Amino acid sequence: MSSSTLPAAAPGTGYLLVACAALLWGTSGVIARFLFNHDIQPYDLLAIRTIAAALLHWVWLGLVARHLLCVERSTWPRLALLGLIGLAINQGCYYLALKLTSVGYALTFQYTAPLLLMIYGVLSKTERPTAAKLLAGVLCLCGCALMALYGTATAFNWLGTAAALGSACAFAFYSAFGQRVLRGQDSRTVMTYAFTFAGLFWFIARPPWVIAWHSFDGRAWGMIVYLSVFATVMPFGLYLAALRYLEPSRANLTSALEPVVAASLAWVWLGERLTGWQLAGGAAVLSGVVLLQIESGYARFQRAARAK
């Protein structure tokens, strides 16, 4: 979907949706890392979280909009691809990176996704390269690096780094391919089936009889409920809905607010103090987001002026 075919509605709606998704995602990595530190296996957590999210989608739509559960079989391959790559592989790589490195390190490499999307957009001629986009991309990536790397002492891990980059590629795919799948489909339907296919993947890869159930106490189950609803169903749905209003690269760049939220939460909850470099990184990320909004508003003003 090119910028000229996006809805005429103010993109502020899209930015708000992505910002809300980033706020919720920002809590996810910190909670997951906390659970990993208390003997919860990453893929056990991910399997339970994804399957629970799929079931929640089916119950929700079954109660409020049952007709949205009916889709043509011809759309199944696209929905399966979105679920397997955009959700299962994306989150699987991210959790592996979290386990082997740290929340900040994993997020830093995951947020190379905006540059991947810009390159894809330019090569596929679905987006116009602008100086503001490039500058916003540099600001966001540099900000993520400052937020994540300063104040942590994580040794370089090849597998963890490769997993984080794999997550970046899968997240970029989720943004670009998700926008294509949304054509003619309700976002709630897309999310329900995408999570269903992702849940089937994890049910096969991590069946119930191999999960270490004894590791889960009452506190862990409470966090899993939170992760399933508020850090999975809601943010992925909000982000996908935002793609109706924003180009994938803009949406992905704005979601770079996530490391700011994650670092802040770690500071408050886990006692990790923010350094001066990290504060500068947060300011850089916010500056990139603001720059995107200013550039988008200026572009709309120019189009309106030409129309007159």
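## The second largest cavity

In this predicted model, the second largest cavity is lined by Leu46, Arg49, Thr50, Leu87, Ala88, Gln91, Phe195, Ala198, Trp202, Thr232 and Phe236. Four helices each give two or more residues to this lining, namely α2 (42-64), α3, α8 (187-205) and α9 (218-242).

The space inside the second largest cavity comes to about 60 Å³. Sorted by class, the residues around the second largest cavity are seven nonpolar, three polar and one charged.

## The largest cavity

The structure holds two cavities of 30 Å³ or more, and the largest cavity contains about 90 Å³ of space. Its lining is made up of Trp25, Ser28, Arg49, Asn90, Gln91, Tyr94, Gln110, Phe171, Phe236 and Glu258. The elements that supply two or more residues to the lining of the largest cavity are α1 and α3 (76-100), and α3 gives the most, with three residues.

By class, the lining of the largest cavity has four nonpolar, four polar and two charged residues. Arg49, Gln91 and Phe236 are among the residues that line the largest cavity, and Arg49, Gln91 and Phe236 also appear in the lining of the second largest cavity.

## Thr27 in helix α1

Helix α1, which spans residues 12-36, includes Thr27. With a relative accessibility of 14%, Thr27 counts as buried, because that value falls under the 20% limit used for buried residues.

Leaving aside residues up to four places away in sequence, Thr27 touches Tyr226, Ala231, Val261 and Leu265. With one of these neighbours, Tyr226, the contact includes a polar one, since the side chains of Thr27 and Tyr226 are joined by a polar contact of 2.9 Å.

## Cysteines and disulfides

A search covering the whole structure finds zero disulfides. Two cysteines can be described by how much of their surface is accessible: Cys70 has a relative accessible area of 65%, while Cys142 has a relative accessible area of 43%.

Cys70 is therefore exposed, as its value of 65% lies over the 50% limit for exposed residues. Cys142, at 43%, is partly exposed, because this value lies between the 20% limit for buried residues and the 50% limit for exposed ones.

Key
Residues are numbered from 1 along each chain as its sequence is written. This is a predicted model: local features need pLDDT of at least 70, side-chain atom pairs count only at pLDDT 80 or more; totals for chains, interfaces and linings use all residues. Side-chain values use heavy atoms; hydrogens and water are left out. Buried means under 20% relative accessible area, exposed over 50%, partly exposed in between (1.4 Å probe, protein chains only). A polar contact is a pair of N or O atoms within 3.5 Å; within protein, one must be able to donate a hydrogen and the other to accept it, and residues adjacent in sequence count only if both atoms are side-chain atoms. Contact means heavy atoms within 4.5 Å. On a 1 Å grid over the protein atoms alone, a cavity is a set of points where a 1.4 Å probe fits but cannot get out, and a pocket is an open set with protein on both sides within 12 Å along at least five of seven lines; lining residues have an atom within 4 Å of a point. Grid points are joined across faces, edges and corners, and a volume is the space filled by probe spheres set on the points. Ala, Val, Leu, Ile, Met, Phe, Trp, Tyr, Cys and Pro count as nonpolar, Asp, Glu, Lys and Arg as charged, and the others, Gly among them, as polar. A disulfide is a pair of cysteine sulfur atoms within 2.5 Å.
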